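Please look through the structure shown here before reading on. The paragraphs below take up its cysteines, its fold and its surface in turn.

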Amino acid sequence: LVADDNVDAAEMLALVFEQLGCAVRAVHSGDAALEAVGAFQPDVVVLDIGMPGTDGFEVCRRVRAEPGGDHPCLVA
């Protein structure tokens, strides 16, 4: 999962991961990242820390607080 409010950056990074053979989704807000973590259950979440609204730090806190939240590797 790639979460970045910079749409171009998120889509480019997602494309790189796809070309490496990864199943990937790109989202553009912290709230969308939280929803996608629950639905997609990624092994790795690449987060933009400085997203407006629900920022990457808050996404990290909320993911870790959920049951099984210790599973995804969170990368800032």
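A disulfide is a pair of cysteine sulfur atoms within 2.5 Å. The model is a predicted one, and a search of the whole structure with that cut-off returns zero disulfides. Why does Cys-22 form no such bond? The closest cysteine sulfur to that of Cys-22 belongs to Cys-73 and lies 12 Å away, which is too far for a bond. Cys-73 is likewise in no disulfide. For Cys-73, the nearest cysteine sulfur is that of Cys-60, at 10 Å. As for solvent exposure, Cys-22 counts as partly exposed because its relative accessibility is 38%. Cys-73 also counts as partly exposed, because its value is 41%.

Turn next to the fold. The secondary structure of the protein consists of three helices and four strands. Along the sequence these elements follow the pattern β-α-β-α-β-α-β. The radius of gyration is 11 Å, close to the 11 Å given by the globule rule for 76 residues, so the protein is as compact as a globular protein of that length. Taken along the principal axes, the box filled by the C-alpha atoms is roughly 30 × 25 × 20 Å. Of the 76 residues, 32% are buried, where buried means under 20% relative accessible area.

The four strands form an open sheet with parallel pairing, in the order β2-β1-β3-β4. Which strands lie at its edges? They are β2, residues 26–27, and β4, residues 73–75, each of which pairs on one side only. Strand β1 covers residues 2–3 and is joined to β2 by two bridges, the two strands running parallel. Within this part of the sheet, Ala-3 stands opposite Val-27 of β2. The edge strand β4 begins at residue 73, the position of the cysteine discussed above, whose sulfur is 10 Å from that of Cys-60.

The last stop is the surface. Met-12, Leu-15, Val-16 and Leu-20 make a nonpolar patch there, with an area of about 390 Å². One of these residues, Met-12, is found in helix α1, which spans residues 7–19. Is Met-12 buried or exposed? Met-12 counts as exposed because its relative accessibility is 52%, and the cut-off for exposed is over 50%.

Conventions
Residues numbered from 1 in each chain as written. Predicted model: local features only at pLDDT ≥ 70, side-chain atom pairs only at ≥ 80, totals over all residues. Heavy atoms only, no water. Patch = residues over 30% accessible without salt bridge, like charges linked within 9 Å, V, L, I, M, F, W, Y side chains within 5 Å. Areas by Shrake-Rupley, 256 points an atom, 1.4 Å probe, with all protein chains shown as cover. Salt bridge = Lys/Arg side-chain N within 4 Å of Asp/Glu carboxyl O. Buried < 20%, exposed > 50% of the residue type's maximum accessible area, 1.4 Å probe, protein only. Pairing = 2+ DSSP bridges. Rg over C-alpha atoms; globule rule 2.2 N^0.38 Å.
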